[in-house]
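Trainee: I am new to this structure and would like to go through it slowly, with a reason given for each answer.

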Amino acid sequence: MRVPDLAGLIGNTPLLKLRKLSEQAGCEIYGKCEFMNPGGSIKDRTALGIVRSAIASGALQPGGTIVEGTAGNTGIGLTILANSMGFGTRIVMPMNQSREKIEQLELLGAQLELVQSTSYDDPNHYIHRAKAIAGKLNEENPGSAFCAGQFDNTANRDMHYQSTGQEIWDQTDGEVDAFVCSVGTGGTLAGVSRALREKNPKVKIGLADPEGSALFNYFSSGDLLFEGSSIAEGIGISHITENLAGTEIDIPMQITDAEALPLIYDLLRFEGICLGGSSAINMAGALRMAEEMGPGHTIVTILCDYGTRYQSKIYNPVFLKSKGLPVPDWL
């Protein structure tokens, strides 16, 4: 296969059977290998959808600067695309994210600003800070900056509707019974669910929500309440984004780190694939979906990014013990 540029490498990722999880569940459980995108995560799709939409609308001008608030992966996707297309990037990121993602953004050449992790209603939240930076740049030089706004920019959701969801349908020959994943912006869950349900309204949609996120309670009782916390980065939110709004969830689940992490440790030990915390939450959600639906079903989830991006945390025995989390005996 020949592609003209980096954008041509994004998407069309394989669907991998998760062997041990499938045996345990009595179902066919597959993971979409989004870690195989050139920037190493599913957020490459989000970045591409947003950039293409912004160029088409004129919101992103030649030589302009893309500004974004991100937990890291969308910033990485935007930066590699910006490098390949002649744009600059200004990335705002909470300083409690993994040092590996911080170092990668610096390596890629993003202009990076680290801020305190705070609640969404705080004006200093990283999302609001990014909007403020873009606004200031445009005051100084009109049209010079574009704020990607991945949470409420529905080009994110549309990209997953057009690509990820259609790929899953084709790769399963239309025999997918359920799709489940966690939510960072809501773009993946909303876009994929729309694509699959247009093909088959009976496809079940599950939400795998980490502790510290309000979405499980919202889809269970209508209340945006949360408790606890998770070490999984880039997922779990306390508000309903424009991307997620209107999405119907059949089976909302709250997943603990202690339940999820052993699944990625076993995946590495026995199947050779090293993944991050959001993939662990997703895999636990797929297993719960199988238990809810019964044996014999085909369930798809997302394998979001490489575990090497979190080696200093979820593959660090000292860190895990400090959080009271399970440590695999081989680590």
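Mentor: Let us begin with a term we shall need, since contact here means heavy atoms within 4.5 Å. Please also keep in mind that this is a predicted model.

Trainee: With that term in hand, what covers the buried residues of α6?

Mentor: The residues of α6 that count as buried, meaning under 20% relative accessible area, include A155, M159, Y161, I168 and W169. Helix α6, residues 155–171, lies across β1, β2, β7 and β10, and runs at about 140° to β2. The cover over its buried residues includes β2, α2 (43–57), β7, α7 (187–199) and β10.

Trainee: Where does α6 bend?

Mentor: Helix α6 has 17 residues and spans 23 Å from its first C-alpha to its last, which is close to the 24 Å expected at 1.5 Å a residue. There is nevertheless a bend of about 35° in α6, and the residue at which it is found is Y161.

Trainee: Which strands stand at the edges of the sheet, and why is one side of each left without a neighbour?

Mentor: The sheet is open, has 6 strands with mixed pairing, and follows the order β1-β2-β10-β7-β8-β9. Each edge strand has a single partner strand, so one side of it has no neighbour in the sheet, and these edge strands are β1 (15–17) and β9 (251–255).

Trainee: Which residue of β2 does L15 stand opposite?

Mentor: Strand β1 is joined to β2, residues 28–33, by 3 bridges, and the two run antiparallel. Within β2, the residue opposite L15 is K32.

Trainee: How many residues of β8 are buried?

Mentor: On one side, β8 pairs with β7 in the parallel sense over 4 bridges, and F179 stands opposite I205 in β8. A further 5 bridges join β8 to β9, again with the strands running parallel. Strand β8 is largely enclosed by the rest of the structure, because its buried residues number 6 of the 7.

Trainee: Through which helix does the chain cross from β8 to β9, and what is the handedness of this crossover?

Mentor: The two strands are joined by 5 bridges and run parallel, and A208 stands opposite M253 in β9. The chain crosses from β8 to β9 through residues 215–221, which form helix α8, and the β-α-β crossover is right-handed.

Trainee: At what angle to β9 does α10 run?

Mentor: Helix α10, residues 277–293, lies across β2, β7, β8, β9 and β10. Its direction relative to β9 is given by an angle of about 130°.

Terms used:
Residues are numbered from 1 along each chain as its sequence is written. This is a predicted model: local features need pLDDT of at least 70, side-chain atom pairs count only at pLDDT 80 or more; totals for chains, interfaces and linings use all residues. Side-chain values use heavy atoms; hydrogens and water are left out. Two strands pair if DSSP finds at least two bridges between them. Axes are lines fitted to C-alpha atoms, for helices over the stretch in contact, and angles run from 0 to 180 degrees between N-to-C directions. The expected span of a helix is 1.5 Å times one less than its number of residues. The bend at a residue is the angle between axes fitted to the seven residues ending there and the seven starting there. Buried means under 20% relative accessible area, exposed over 50%, partly exposed in between (1.4 Å probe, protein chains only). A crossover is right-handed if, with the strands pointing away from the viewer, the path from the first strand over the helix to the second runs clockwise.
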